[in-house]
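Subject: Structure handover

Hello,

Below is the structure you are taking over, followed by notes on what was found in it. Please read them with the structure open.

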Amino acid sequence: MHISNLTRISHSLIFILCVGILGACNQENKPRTSEGQQMTQEDQELNGVDRYTYARPHDAVITHLDLDIKVNFVNKKITGKASFQINNKTGVDKIFFDTKHIDIERVTIGTEEEKTEFALVGFREFLGRKLEISILPSTEVVNIYYSTRPEAMALQWLSPQQTVEKNYPFLYTQSEPTYARSWIPTQDSPGIRFTYNARVEVPKELMAVMSASNPQEKNADGIYEFEMKQPIPGYLIALAVGDFSFKSTGPRSGVYAEASVVDAAAQEFGELEEMIDAVEKLYGPYRWERYDLIVLPPSFPFGGMENPRLTFATPTIIAGDRSLVSVVAHELSHSWSGNLVTSATWNDFWINEGFTVYLERRIMEELYGASYTRMLRLIGYQDLEGTIELMGETSMDTHLKLQLDGRDPDEALTDIAYEKGALFLQVVEEAVGRERWDEYLKNYFDKFAFQSMSTEKFLDHMRETLMNGDADLAKQINIDAWVYGPGLPDNCPVVKSERFELIDEAVSKWVAGENAEALGAKEWYTHEWLHFLRHLPNEISTERMAELDQSFNLSNSQNSEIIAAWFIHVINNNYEVVYDKLEAFLVKVGRRKFLAPLYKELAKTEANKKIGIAIYKKARTNYHQISTVTIDGILGWEDARYLMQE
Ligand SMILES: [Zn+2]
C-alpha cells in the first residue's frame, strides 16, 4: 500500500494517524482475547508463525478458490459459495478458516457436496471467529455457503451520491492486512497462497473487476468471470463494482475509471508502459501479464493498493501534470516486492514495503533522474524522522522486524517499514555497489517468486549469497542494528537535495520580507512546493497568508498534496476566508493521509474544533471505515456528537 507522503500511497498515512491515536494503540499492546483474557501459550502457538490467522497450514491448507458470489447493493450483502481445493497434508479431521462478521449457511465437502459438521468458534480482536470444518483425510474440496454483513470491514458500499457521476452505487474491497476474511471465509495469512477463479453477479448496469484477468467492457447480463492463475495471499484478493469504463494506455496496461475521469486518468498514467519496462530491465520479468489501474471514487482511504494485475488508486493522485505518479511506481513495484515475494507475517511487513519504496525510487530515478529522486528521498527521510520522534528513539516499534503479537496489524503500517526499510537497502547497495546489488535483487525475485519471505530467511540468503561470509562487509552494513535495533543507526546515509536547498533559501527570503512573486516559484515541481510549504513558519499574518494565496492561487490548487499542505497553514493561522474551500476538500476527499493531519490541526483550538466537527458531520458518510476510525479518535466523535445534540 502507499502511506506517507507524496510518494507512498496507501497506507502511509497511518503514522500520522498514530499521532492521534497512539494512546489508544498502546492500550492494545498485550495479547488478549475478546473476553479480555490474556492469550495462552497454546493460543499463541496456534499456527506456528502468523499470529493473525486461525489456519494451521502445516496440517491442512487451501490451494485454490472457486468463488461464486452475488453482489446485492440493496441490503449491502455479498452472498454465495467459496469452494476451496485443499491439501490435507497430515490427514487431520478438521480444517480451520478465518471469518469476521460473516454468516455461514452450510458447509459441504467434495465435489459431491456431502454434508459436514462446522462451527464458528470464539471471537478474538483482529482475528474474528474461527471456522472449524470437519473433513476426512481424503478430502480435497470444501464448499462454504455464506453471506457478508453490512459492517464487513473490507467492503465499502457507496451510494450514487458518493461517486463522481452520481448515477449508480459503487462497491470496492480493501483486504490488506486482515480484512479479506470479512468478505470471504478463507485462510487469511500473508504466508498462505492460492490461485482463484470467480464468477460474480452484479446489477446489469454495473461492471465488476478483480485482482485477476479482467473484462474491458460491460456485458448485458451482469455476470463476470475471472481467473487469477498466479498464487496470491488472501490480502491481495480484491473486487470493485461500479459504473466505470476502460481506456488503454499501452499493449499491456490501461485504466478503469468513471466516465468523466477516465480520459484524465489515462493521460496522467500515460507512462505505465515505461515504468513496467524500467523495472523489468532492473529486476526481471513482470509475471502478471497485464498491469491495469482502477481509479476509485474519492472516498478510497489510501493512495493506492497493490492488488495484483489491478492497482486500486485514489483520484487524488491525478494532478494534471503527472507530478504524483510515484504512487503508481510504488504500486507497480509491489508486483515484484510484496506480491511476488511476500512478507511471511505482518511482523515482516518491511519485506513488502521497504523493498517497494526502494524499487519505487529506482523507477523514478530511471524516468526522472537522480536530482528529482533525491527530493523524494529527502521528503521520505523527513517523514521518517517525524515518526521516530513520535514513537520515541528507543521504541521497539521502530525496529524493522516488528513484534506486533496481539496488537492491531494495521499498526505495522508506519513509515518505519517503508522509509527505514528503504534506507537499509540503500546502505547495502552503497556497501556492495549498485551493479552487484541489482544482480542480487534480480536473482532474489526470481528464486523466491510466489513464495513468502521472513526477515530471517532474507538476511540468511543475503549473507550467504551477496556477502559470501565477508565479515568486514557485514560489520560495515551493521545488519542487526538496522533490523533488530531502534531508530536510525550511525551509518544511515545522509540524504541531501540541492533543489531543496534552493527552496530553503526562498523560504528565508520570504520570511525576511521578500515578495512571494519574486521567489521564482513558477518553475517549482510539486515536491519543491511541498518543501516550501512544510518549511514556512507556523505563524503567518493574515496579510501574508493573503499574499501567498493571491500570488500562487493555493486555495484553488488542483494538486491534492499542495492544497492539503497549504490548508495546514490556513487552519493554524485561522485564515477563515478560505474555510469554505477547506470544507469542500474535506467533504469530497476520503484519503486518510490528508484527513488525519487536517482534522488534527482543526482539533488544536476550541473554535476550530467546533468547525471541524461540523464539517465531519457532513463528510463522515463519505469516508471509508478505515478513515472514520481514525478521525473519530482525533475529534472524540462520540462525545462531539453528544455535544452537538445539545
Ligand atoms: Zn506499499
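**Helix α7**

The buried residues of α7 are Thr 373, Met 375, Leu 376, Arg 377, Ile 379, Gly 380, Tyr 381, Asp 383, Leu 384, Thr 387, Ile 388 and Met 391. Please note that this is a predicted model. The helix covers residues 370-391, and its 22 residues should span 32 Å at 1.5 Å a residue. The C-alpha atoms at its ends are 31 Å apart, which agrees. An α-helix has 3.6 residues a turn, so residues three or four places apart point the same way. Among the buried residues of α7, Leu 376, Gly 380, Leu 384 and Ile 388 can be followed along the helix in the viewer. Just after α7 comes Gly 392, with a positive phi of about 100 degrees.

**Helix α8**

Helix α8 takes in residues 415-432. Its 18 residues should span 26 Å at 1.5 Å a residue, and the end C-alpha atoms lie 25 Å apart, in agreement. Of these 18 residues, 13 are buried, so α8 is largely enclosed by the rest of the structure. Gly 433, just after α8, has a positive phi of about 95 degrees.

**The whole protein**

There are 21 helices and 21 strands in the protein. Along the principal axes, its C-alpha atoms fill a box of roughly 80 × 65 × 55 Å. A compact globule of 646 residues would have a radius of gyration near 26 Å; the value for the protein is 24 Å, which agrees. Of the 646 residues, 51% are buried. Among contacts with a separation of 6 or more, 73% are between residues 24 or more positions apart.

**Domains**

The protein is divided into three parts: domain 1 (1-45 + 248-496), domain 2 (52-243) and domain 3 (537-645). The centres of domain 1 and domain 2, taken over C-alpha atoms, are separated by 26 Å. Domain 1 gives 32 residues to the contact between them, and domain 2 gives 32 residues. On the side of domain 1 that touches domain 2, the elements that give two or more residues are β17 (291-295), β19 (310-313) and β20 (341-343). That side of domain 1 is made up of 16 nonpolar, ten polar and six charged residues.

**A seven-strand sheet**

Seven strands form an open sheet with mixed pairing, in the order β5-β4-β8-β2-β1-β11-β13. At its edges are β5 (114-115) and β13 (223-233), each of which pairs on one side only.

Starting from the β5 edge, strand β4 (residues 102-109) is joined to β5 by two bridges, and the two run antiparallel. In this pair, Thr 108 stands opposite Lys 115 in β5. Further along the order, strand β1 (residues 60-72) and strand β11 (residues 193-201) run parallel and are joined by seven bridges. Here Leu 65 stands opposite Tyr 196 in β11. At the other edge, β11 and β13 pair over eight bridges in the antiparallel sense, with Ala 198 opposite Phe 226 in β13.

**Loops and backbone**

Which residues of the loops have a positive phi without being glycine? Two examples are Lys 76, with phi of about 50 degrees, and Lys 166, with phi near 65 degrees. Lys 76 is in the loop between β1 and β2 (77-88). This residue is partly exposed, with 16 other C-beta atoms within 10 Å. Lys 166 is in the loop between β9 (155-158) and β10, and counts as exposed because it has 10 C-beta neighbours inside 10 Å.

A cis peptide bond, with omega of about 0 degrees, joins Glu 176 and Pro 177. Pro 177 is in the loop between β10 (170-173) and β11.

Glu 289 sits in the loop between α4 (272-283) and β17. Is it buried or exposed? Glu 289 has 11 C-beta neighbours inside 10 Å and so counts as exposed. Leaving aside residues up to four places away in sequence, Glu 289 touches Arg 252 and Arg 309. Glu 289 and Gly 590 are 301 residues apart in sequence, and their C-alpha atoms are 31 Å apart in space.

Regards

Methods: Residues are numbered from 1 along each chain as its sequence is written. This is a predicted model: local features need pLDDT of at least 70, side-chain atom pairs count only at pLDDT 80 or more; totals for chains, interfaces and linings use all residues. Helices (H or I, at least four residues) and strands (E, at least two) are DSSP runs, numbered from the N terminus. The expected span of a helix is 1.5 Å times one less than its number of residues. A residue is buried if 20 or more other C-beta atoms lie within 10 Å of its own, exposed if 12 or fewer, and partly exposed in between; C-beta atoms are placed from the backbone. Domain bounds come from an automatic or database domain assignment. Two residues are in contact if their C-beta atoms, placed from the backbone, lie within 7 Å. Ala, Val, Leu, Ile, Met, Phe, Trp, Tyr, Cys and Pro count as nonpolar, Asp, Glu, Lys and Arg as charged, and the others, Gly among them, as polar. The radius of gyration is taken over C-alpha atoms; the globule rule is 2.2 Å times the number of residues to the power 0.38. Two strands pair if DSSP finds at least two bridges between them.
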